[in-house]
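Trainee: Hey, got a minute to go through this one with me? I'm new to it and would like to start with a single residue.

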Amino acid sequence: MNIRTLYSILGFTFLVLMTQGCKKYFQVNPDMRTEMDSADKVGQLLVTAYPSTDYFLFGETASDNATDKGPGAYATNDVARGSYYWEELTRADDSYSPSKYWLDMYKVIAAANHAIEAVDDNGFGIKGQQFKGEALICRAYAHHMLVSLFSKAYQIGGDNATYGIPYLTTPEKNAIQNYDRGTVASVYQNIEKDLLAGMKLIRGITFKSSKFHFNEQAVNAFAARFYLFKGDYDKVIQYSSAIFPENNFKQNIRPVAGAWKAIGNPNQQFGSSTANYNLLMANVFTRFAYSSGANRYGGGKLFTSMITEKNVTGKGFFQYLTSTGGDAEKPNLNKYPEYRADENYYSVQVLFSADEALMNRAEAYIYKGQYDLALKDLNDFAAVRIDAYDVSQHAITQQKVLDFYNTTDIKEGLIKTVLDFRQKAFAHEGLRWFDINRYGIEIVHKYYDSNMVETTDILKKDDPRRVFQLPESSSLSGLPKNPR
């Protein structure tokens, strides 16, 4: 679909946002609904209801997956530097910034809302209802990503009365409109409502490119993540288990230390649209694969050492690594091969994977006190990540966990195991930042001046810088900024 067709169908006035002061900050042309006169056109519109940018540069660089490599032969990037320093990044014209991602997610929401309205107005039969289900899930996903990045993390058992993000459920009709951020609690309630309604409607849905739409497996993976963040562990187990009803996760997760290692260069396998381990994917505008290694603020040799260092199994995870110019401070995990189109850089990224779903279930089992089931999931995961895995030597047991983490609390040790596995296995996939905030993990960033004099800064548990700031122009829609 070319850009002219996209805008004629979607009507999303991104240029208005950029050139007219964002008076209609979430604007979509309401007249385009008259063009939605068939279920197929609704389906075509929903192609635009998925991310076209990513949050990896600012999310990963703000986390403990990044370091300051010091002055030298490294690229500089304002978004990477600002993220590493936990500064406010509020300009919408900065590529790969929080503001760009905010706008992209509201574009997704706008497309979903027009699709829902078209189906509600016209019906379009069973196919129309299925597309409405997809639209509801896309809307829920976009709002969940926004509240996870621009609001405080959901507190399990808390009142979650802090600022949420605007939850938009109808196409915008007014030239100037103020919005209410609501609370984290109210946003989660709306996400759950949309998610559950959408899950009922999409049953039996088929797509030409299934991995680029919320197919039923992908929806279950999203539900498992949502309920993990919410602390509803029974539902985490329910939805993650529904992805592979035969419970054969081990045969359907990334064979990193097996088939991938045998290939020698697995980068094309990571983003495979036919692999069982990829549940939902998106083509996004990004240079993260390059920036993460080449930039001064990003993954360096300490980062790659973290991935491959010894873990509770007694060995480290296998990871295929390359580097730019042989510089160990410029690593590439080979997860996102870039391609060029229209003079821009793009990559196919994985939004949900079977691997994440398995780790989500393991975490839920731990909180349910089902430690043997958690260990089974952890061992299945380790078996495809550890080079030359031998169950007699490398199998994870309760005693190994207690010894490795020097604790007498098996629950504490198993949670640390899950978090350790997640950080290593999903490095540069954007999940670490969510874990840091879910658990209030304190992290340290070191900085170096031109003489390599070191300064440190600590992101403490209740530090307001854990929440990315809203774009500058959001104030035109009456949105209060996040406290600082």
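Trainee: So, F124: buried or exposed?

Mentor: Keep in mind that this is a predicted model. F124 has a relative accessibility of 18%, so it counts as buried, since the cut-off for that is under 20%.

Trainee: And where does F124 sit?

Mentor: In the loop between helix 6 (98-122) and helix 7 (125-150). Check its backbone too: phi of F124 is positive, near 65 degrees, and this residue isn't a glycine.

Trainee: What about N247, what's its phi?

Mentor: About 60 degrees, so a positive phi in another non-glycine residue. N247 belongs to the loop between helix 10 (233-243) and helix 11 (256-263).

Trainee: How accessible is N247?

Mentor: Its relative accessible area is 41%, so N247 is partly exposed.

Trainee: OK, switching to the whole thing. How many helices and strands does the protein have?

Mentor: 20 helices and 9 strands.

Trainee: And what's the radius of gyration?

Mentor: 22 Å, which agrees with the value near 23 Å for a compact globule of 484 residues. Along the principal axes, the C-alpha atoms fill a box of roughly 65 × 60 × 45 Å.

Trainee: What share of the residues is buried?

Mentor: 58% of the 484. As for contacts with a separation of 6 or more, 71% join residues 24 or more positions apart.

Trainee: Last one: how far apart are the mean positions of the positive and negative charges?

Mentor: They're 1 Å apart, with 53 positive and 54 negative charges in the protein.

Conventions
Residues are numbered from 1 along each chain as its sequence is written. This is a predicted model: local features need pLDDT of at least 70, side-chain atom pairs count only at pLDDT 80 or more; totals for chains, interfaces and linings use all residues. Side-chain values use heavy atoms; hydrogens and water are left out. Helices (H or I, at least four residues) and strands (E, at least two) are DSSP runs, numbered from the N terminus. The radius of gyration is taken over C-alpha atoms; the globule rule is 2.2 Å times the number of residues to the power 0.38. Buried means under 20% relative accessible area, exposed over 50%, partly exposed in between (1.4 Å probe, protein chains only). Contact means heavy atoms within 4.5 Å. Lys and Arg count as positive and Asp and Glu as negative; His and the chain ends are not counted. The place of a charge is taken as NZ of Lys, CZ of Arg, CG of Asp or CD of Glu.
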